[in-house]
Amino acid sequence: MNYYISIYHATREEGGSEEGGWSYWDRSKVHDIKVSFDTETKVRRAIKRLRPVLQRHPDFSEDIPELSRLEAHVFKGEYGPEEHSESSIYN
């Protein structure tokens, strides 16, 4: 089974303060890494090399990490979906 890495721009969405509040990360795909990896070790090495690049990407370097950031996600057998958001968390 091959592993694939997709890069997402993640933004923190919040609301519903009148009911105690909710929040979640909304993720939109920015890029697919065009190389697949055949072992988890190779994926971990690739993610380690990607982290500094994601943190200083010129389009997102001014973002506040708690509210907006680039993230790398690993998927088995195929690239990730265009939207990769999580379920809402209720406070």
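This is a short walk through the structure in your viewer, one selection at a time. Keep in mind that the model is predicted.

**Start with the whole chain**

Show everything as a cartoon and colour by secondary structure. You should find one helix and four strands, arranged along the sequence in the order β-β-α-β-β. Turn the C-alpha trace onto its principal axes and the spans come to about 50 × 30 × 20 Å.

Now switch on a surface. The chain exposes about 6300 Å², and carbon and sulfur atoms supply 48% of that area. Of the 91 residues, 32% count as buried. If you like contact maps, this one is worth plotting: among contacts with a separation of 6 or more, 73% come from residues 24 or more positions apart.

For a look at the charges, colour the 13 positive and 17 negative ones separately; the mean positions of the two sets lie 14 Å apart.

**Select the strands E1, E2 and E3**

Begin with E1, residues 3–15. Which strands does E1 pair with? With E2, residues 22–32, E1 runs antiparallel, and 10 bridges join the two. With E3, E1 also pairs in the antiparallel sense, over nine bridges. E3 itself covers residues 68–76.

Tyr 8 is a handy place to see both pairings. Select Tyr 8 and look towards E2, where Lys 29 stands opposite. Then look towards E3, where Glu 71 stands opposite Tyr 8.

While the strands are on screen, remember a general pattern: in a regular strand, side chains alternate between the two faces of the sheet.

**Go to the end of E1: Gly 15**

Next, click on Gly 15, which belongs to strand E1. Gly 15 counts as partly exposed because its relative accessibility is 23%. Leaving out neighbours within four places in sequence, Gly 15 is in contact with Gly 21 and Trp 22. Draw a C-alpha to C-alpha distance from Gly 15 back to Ile 5: the two are 10 residues apart in sequence and 30 Å apart in space.

**Select the nonpolar core**

Show side chains for Tyr 3, Ile 5, Ile 7, Ile 33, Phe 37, Val 43, Ala 46, Ile 47, Leu 50, Leu 54, Phe 60 and Leu 70. These 12 residues make up the largest nonpolar core. E1 and helix H1, residues 40–55, each supply at least two residues of this core. Which element gives the most? H1 does, with five residues. As background, nonpolar side chains in soluble globular proteins tend to be buried together.

Within that set, centre on Ile 33. Apart from residues up to four places away in sequence, Ile 33 touches Ile 5, Ile 7, Leu 50 and Tyr 79.

**Visit three loops**

First, pick Asp 38, in the loop between E2 and H1. Is Asp 38 buried or partly exposed? Asp 38 counts as partly exposed, because its relative accessibility is 45%. Beyond the residues up to four places away in sequence, Asp 38 touches Met 1, Asn 2 and Tyr 3. Now add a C-alpha distance to Gly 21: Asp 38 and Gly 21 are 17 residues apart along the chain, and their C-alpha atoms are separated by 42 Å.

Next, move to Pro 58, in the loop between H1 and E3. Pro 58 is exposed because its relative accessible area, 68%, is over the 50% cut-off. From Pro 58 to Thr 41 you will cross 29 Å, C-alpha to C-alpha, for a sequence gap of 17 residues.

Finally, select Ser 87, in the loop between E3 and strand E4, residues 89–90. Why does Ser 87 count as exposed? Its relative accessible area is 61%, and the label applies because exposed means over 50%. Ser 87 still has partners from elsewhere in the sequence: leaving aside neighbours within four places, Ser 87 is in contact with Ser 23 and Tyr 24. Check one last distance, to Trp 22: Ser 87 and Trp 22 are 65 residues apart along the chain, with their C-alpha atoms separated by 9.9 Å.

Terms used
Residues are numbered from 1 along each chain as its sequence is written. This is a predicted model: local features need pLDDT of at least 70, side-chain atom pairs count only at pLDDT 80 or more; totals for chains, interfaces and linings use all residues. Side-chain values use heavy atoms; hydrogens and water are left out. A nonpolar core is a set of buried Ala, Val, Leu, Ile, Met, Phe, Trp, Tyr and Cys residues joined through side-chain atoms within 4.5 Å. Buried means under 20% relative accessible area, exposed over 50%, partly exposed in between (1.4 Å probe, protein chains only). Contact means heavy atoms within 4.5 Å. Accessible areas come from the Shrake-Rupley method with a 1.4 Å probe; for residues, only the protein chains shown count as cover. Lys and Arg count as positive and Asp and Glu as negative; His and the chain ends are not counted. The place of a charge is taken as NZ of Lys, CZ of Arg, CG of Asp or CD of Glu. Two strands pair if DSSP finds at least two bridges between them.
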